[in-house]
Amino acid sequence: MIRYFLIFLLAAAQAVALTPERGRVDYVRTIPSVREFTKPKKFFAKLINWVAGPPEDKPEIIRPYSTTHDSTGRLLIADPGQRGIHIFDFEKQKYQFIKGSRGRDFISPMDVACDDKDNIYVTDSVRALIYVFDVRGKFQRTIGSGLQRPTGMFLDAGARRIYLTDTLRHQVLVFGLDGALIRTIGKRGTEPGEFNFPTAVTLSAGKLYVVDAMNFRIQALTTDGKFVSAFGQLGIRSGTLNRPKGIAADSNGNIYVVDALFETVQVFDPSGRLLYYFGSGGRQAGQFNLPSGISIDARNTIYVADSLNHRVQVFLYRSWPQ
């Protein structure tokens, strides 16, 4: 009841939409099903599926939590509800599903990222590991001895660094791609540079932006962990945060924050000034039901994991000419 009351108040506060100064976000499409985005089957294959049901190698999207893309344009979706990673190759109309390694399947895959060779990295919050696969989805190794609850991850391919939020350690950890721990950042607390259940991280213009979830703020840090700035506070109006989840940045350095309770994506400039927002509660195109992760590719295509609507929604950021 409290949740819907807060959403009502937020909607009232946002009755007049903000005017975007740098561009706008347009809805593009929804990815609701595996079968809608793979090659159409021949008649006899369709008949077999009609009689026996669809093959088990194409599990549907159940509870997507985060997304990413590789250099070929494939979309990867971490789905803890399905306990695996969906891989869509839209150009070739191919689909693949990764369940983990032999004898150690995923339990709760939360985030997925790719390096410059399109190797695939997956955090499993229950296994407390990062799994690494090659471009074909073949298991290679694990990273992260001593993790407690790895959740969000950003992979800087150029610097060969993995930035990881460990929610129960209340820290950001930095690994090399070889798995060596380089540094830990922060501790539990409310002071600058301290965290309270961090959930996600991204890198933009040389700064780390961390979703400091239970401090209801976004912290900006240098890549070696020095505090730069913070924005956000608990509230029920636009520009405040209530249940921040995913974070990403577009090519202009705008910071996108998914708020699961408000069921919106709020867009801030690098200093933390609210520019605009998109989304609302519901099941229609452009609406969300407990959204979680977000990723943005080099063309400013935005992918939002719309968890309880069992889909990923696609938007496009269009910047104004300068």
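How many nonpolar, polar and charged residues are in the lining of the largest pocket? The count comes to 18 nonpolar, eleven polar and seven charged residues. Keep in mind as you look around that this is a predicted model. Here's a quick tour of that pocket, two open sheets and a nonpolar core.

**The largest pocket**

- The space inside the largest pocket comes to about 660 Å³.
- A set of 36 residues lines this pocket, and Thr68, His69, Phe154, Ser295 and Ile296 are the ones closest to its centre.
- Several strands chip in at least two lining residues each: strand 2 (66-69), strand 8 (109-114), strand 12, strand 16 (198-204), strand 20 and strand 24 (291-296).

**The sheet with strands 12 to 15**

- Here you'll find four strands in an open sheet, laid out in the order 12-13-14-15 with antiparallel pairing.
- At the edges sit strand 12 (150-156) and strand 15 (181-185), and each of these pairs on one side only.
- On average, neighbouring strands in this sheet are turned by 20° against each other, ignoring direction.
- Strand 13 (residues 161-166) and strand 14 (residues 171-176) run antiparallel and are joined by six bridges.
- If you want to spot a bridge, look at Thr165, whose partner in strand 14 is Val172.
- Strand 12, an edge strand of this sheet, is also one of the strands that supply at least two residues to the pocket lining.

**The sheet with strands 20 to 23**

- Another open sheet has four strands in the order 20-21-22-23, and its pairing is antiparallel.
- Its edge strands are strand 20 (244-249) and strand 23 (274-278), each with pairing on one side only.
- From one strand to the next, the twist averages 20°.
- Four bridges hook strand 20 up with strand 21 (residues 255-259), and these two strands run antiparallel.
- Ala248 faces Tyr256, which belongs to strand 21.
- Strand 20, an edge strand here, also supplies at least two residues to the lining of the largest pocket.

**The largest nonpolar core**

- This core is made of 16 residues, and Val25, Tyr256, Val265, Phe278, Ile294 and Ile302 have the most contacts inside it.
- Two or more residues come from each of strand 21, strand 22 (264-268), strand 23, strand 24, strand 25 (301-306) and strand 26 (311-319).
- Strand 23 gives the most, with three residues.
- Tyr256 is worth a second look: Tyr256 stands opposite Ala248, and Tyr256 is also among the core residues with the most contacts.
- Strand 24 turns up twice too, giving two or more residues to this core and at least two to the pocket lining.

Methods. Residues are numbered from 1 along each chain as its sequence is written. This is a predicted model: local features need pLDDT of at least 70, side-chain atom pairs count only at pLDDT 80 or more; totals for chains, interfaces and linings use all residues. Side-chain values use heavy atoms; hydrogens and water are left out. Two strands pair if DSSP finds at least two bridges between them. Axes are lines fitted to C-alpha atoms, for helices over the stretch in contact, and angles run from 0 to 180 degrees between N-to-C directions. On a 1 Å grid over the protein atoms alone, a cavity is a set of points where a 1.4 Å probe fits but cannot get out, and a pocket is an open set with protein on both sides within 12 Å along at least five of seven lines; lining residues have an atom within 4 Å of a point. Grid points are joined across faces, edges and corners, and a volume is the space filled by probe spheres set on the points. Ala, Val, Leu, Ile, Met, Phe, Trp, Tyr, Cys and Pro count as nonpolar, Asp, Glu, Lys and Arg as charged, and the others, Gly among them, as polar. A nonpolar core is a set of buried Ala, Val, Leu, Ile, Met, Phe, Trp, Tyr and Cys residues joined through side-chain atoms within 4.5 Å. Buried means under 20% relative accessible area, exposed over 50%, partly exposed in between (1.4 Å probe, protein chains only).
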